[in-house]
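I opened this notebook to record what I looked up in one structure, entry by entry. The topics are ring pairs, helix packing, single residues and backbone angles.

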Amino acid sequence: MYETLPKTELHLHLDGSLPPEFILSRAKSRGIELDVTSAEELRPFLMAQKAAAVRSGNTHQSLNSNWGVFDFCNQFLQTREELRDATQNLLVSLNSAHNVVLCEVRFCPTLHTLEGLTPCEVVEAVLEGLEGAKTEVRGLFEAGVIICALRSRSPDEAVSLVELGSRYLDRGVVGFDVAGDEGSYPLEKVEASLVRAKELGVPVTVHAGEWPVNDKFGDSSLANLKLAVSHGVGRVGHGCQLYRDAELMSLVARAKLPVECCLTSNCAWKVPSYGVHPIKVMLEKGVVCCVNCDNMLLSGTAQSQANPTGELQHLADDVLRANGVDEQGVKEAVKKVLINGVEASFIWKVGDGPKRKEAFKLRFEELLDSRLGAACEDPMSSRSTTSKWLSSYSALIAVVLLAVLISLNPAQGFCHSIARPVAIRRSTGLLRSSPISDMEGWLSKNGVNIDRARHSSFEDGTTNASVRGLKAATGGVDSLSSPLVNLPRKLTLSSSKEEGWDKDLATQLLREVAKGGRGEFSGYVSLLTNGDYGGG
């Protein structure tokens, strides 16, 4: 269920989310010898270093420095090519693997200047990767970047980073963030940057309310939250200590100030477990919450790794169901946090974002309702991997079946006025070798419904053969510019004798069907053709 839902990701650090394969590749290119030799070993190695630091109480960022595991990752983000490729690969993989359709990636430019790049060049390299991802990802997709300042570095640098970000607000930068060691450096240290951001119209989110409230750190997290609220920030990162102050939580709820909750990231020494994460209380009190990964490589522990699908699963299973919330309540909460992610995005606050927001939100909600509805009706929906490979086989069946249909001789009846709408659902068996003459029977037996109909009798009410291609069938889409997961629940491609068949479009559709085996192939796809296709 959760894998196919459209998702947002508003709190994601570039350096903390590098794929292990990227790091190993860059290490080889740079001639850096690592303590591990495989991608599978890298994250456990980093988690061991992180756990050792926590056990020793060494969670402090020294002045003008970063945490060690982040420094390790940032040594592979020092050239334009590395920054560009890392950004593009991250955004594309989030979309393909988790159906993230709106993402804001954040980074601190000054951490990437160790080999001669200027902060401007760093930002431009990341924006180049952003644009590359937008080109590569087809369909519903929005992305932006957030410029971070670190608390452990100078207040003047924080102000300069706000000013740097403001120069790129119409080119992909959507906001400013204050990150880093909240326990050692209070927000007031860089308060001037919040004032400057407001002057320049740069949307602001800050890491606040993340660190525990205890004898070691006192109540600095709550003080940081209060200061952030007083400055009218646009969002708060983490905010997991907000529940400790009922009056402040009520104020945040009334102000509709979004909180970027990061479940896996928080669950260790900041929050004891998923089951007691305060997101449940915050949602009940009306706080606008969305769920995020924080760092896909570095967040969590050796046993728990953050990813967009997993964060929704933890919310549903380990936070809500584990605390007695019924299925309807779980479904409503999941839907709420996803829509909150769309509403809270800074993308709509800069450039021509306001003009794009309503159309994006409408399409997002349509997809969300479709997926939630399909999941409730589909007994195969579960956290197991079974449905994933079954979906892959159903996509293969679609390709095979279309090839069979278009290879038939027109004299046998497959021409002009006769077509075969093929309604394809998930298969309940494997695709075995089978004679063509047995294919339809086998498909039918295994859950693939094959119907014959004339052009004048479509399920969607179309009454004649002159459906004007994909645009008419989808209500305005001119070309197949999105994968199947982002197309309408029922897609009809038709061709009349007068118009002929668009071979390029048909070929592209076949490719999309073949790519659809990620658990995204759902609903109906009707492929209508005739003798004009010519067997291409």
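**Entry 1, aromatic pairs.** I searched the whole structure for aromatic pairs and the search returned 7 of them, where rings of Phe, Tyr and Trp (its six-membered ring) pair if their centres lie within 6.5 Å, and planes under 30 degrees apart count as stacked, over 60 as edge-to-face and the rest as tilted. I began with F45 and F72, whose ring centres are 6.4 Å apart with planes at 65 degrees, so I entered the pair as edge-to-face. This pair links distant parts of the chain, since F45 sits in helix α2 (residues 39-55) and F72 in helix α3 (residues 68-74), 27 residues apart. Helices (H or I, at least four residues) and strands (E, at least two) are here DSSP runs, numbered from the N terminus.

Before going on I noted the basis of these values: this is a predicted model, in which local features need pLDDT of at least 70 and side-chain atom pairs count only at pLDDT 80 or more, while totals for chains, interfaces and linings use all residues. Residues are numbered from 1 along each chain as its sequence is written, and side-chain values use heavy atoms, with hydrogens and water left out.

Is F72 buried or exposed? I found F72 buried, at a relative accessible area of 14%, whereas F45 is partly exposed at 23%; buried means under 20% relative accessible area, exposed over 50%, and partly exposed in between (1.4 Å probe, protein chains only). F72 also pairs with F76, the ring centres being 5.7 Å apart and the planes at 75 degrees, so this pair is edge-to-face. Both F72 and F76 are buried. Elsewhere I noted that W67, F70, W211 and F217 are joined by ring pairs into a cluster.

**Entry 2, L42.** I stayed with helix α2, which also holds L42, and there L42 counts as buried at 0% relative accessibility. Setting aside residues up to four places away in sequence, I listed P20, I23, L24, V36 and F72 as touching L42, with contact meaning heavy atoms within 4.5 Å. For I23 I also took the C-alpha separation from L42, which is 8.9 Å for residues 19 apart along the chain.

**Entry 3, L127.** I then turned to helix α5 (residues 119-136), where L127 is found, and recorded L127 as buried with a relative accessible area of 4%. Which residues is L127 in contact with, leaving aside its neighbours within four places in sequence? They are V145, Y168, R171, G172 and V173. I also looked up L127 and Q88, whose C-alpha atoms lie 9.1 Å apart although the two are 39 residues apart in sequence.

**Entry 4, two helix pairs.** Helix α12 (residues 308-320) and helix α13 (residues 327-344) pack at an angle of about 140 degrees with their axes 10 Å apart; axes are lines fitted to C-alpha atoms, for helices over the stretch in contact, and angles run from 0 to 180 degrees between N-to-C directions. That makes α12 oblique to α13, given that angles under 35 degrees count as roughly parallel, over 145 as roughly antiparallel, 65 to 115 as roughly perpendicular and the rest as oblique. In this contact, α12 contributes L312, L315, A316 and L320, and α13 contributes V330, A333, V334, V337 and L338. By class I entered 9 nonpolar, no polar and no charged residues, where Ala, Val, Leu, Ile, Met, Phe, Trp, Tyr, Cys and Pro count as nonpolar, Asp, Glu, Lys and Arg as charged, and the others, Gly among them, as polar.

For helix α8 (residues 220-230) and helix α9 (residues 246-254), the axes come within 11 Å and cross at roughly 30 degrees, and the two are therefore roughly parallel. Here L222, L225, K226 and V229 in α8 meet L248, L251 and V252 in α9, and I entered this contact as 6 nonpolar, no polar and 1 charged residues.

**Entry 5, positive phi.** I noted H238, which has a positive phi of about 80 degrees although it is not a glycine; H238 is found in strand β6 (residues 235-238) and counts as buried at 0% relative accessibility. K256, also not a glycine, has a positive phi of about 55 degrees, and I found K256 in the loop between α9 and β7 (259-261), exposed with a relative accessible area of 61%.

**Entry 6, totals.** I closed with the protein as a whole, which has 18 helices and 14 strands, and of whose 536 residues 54% count as buried.
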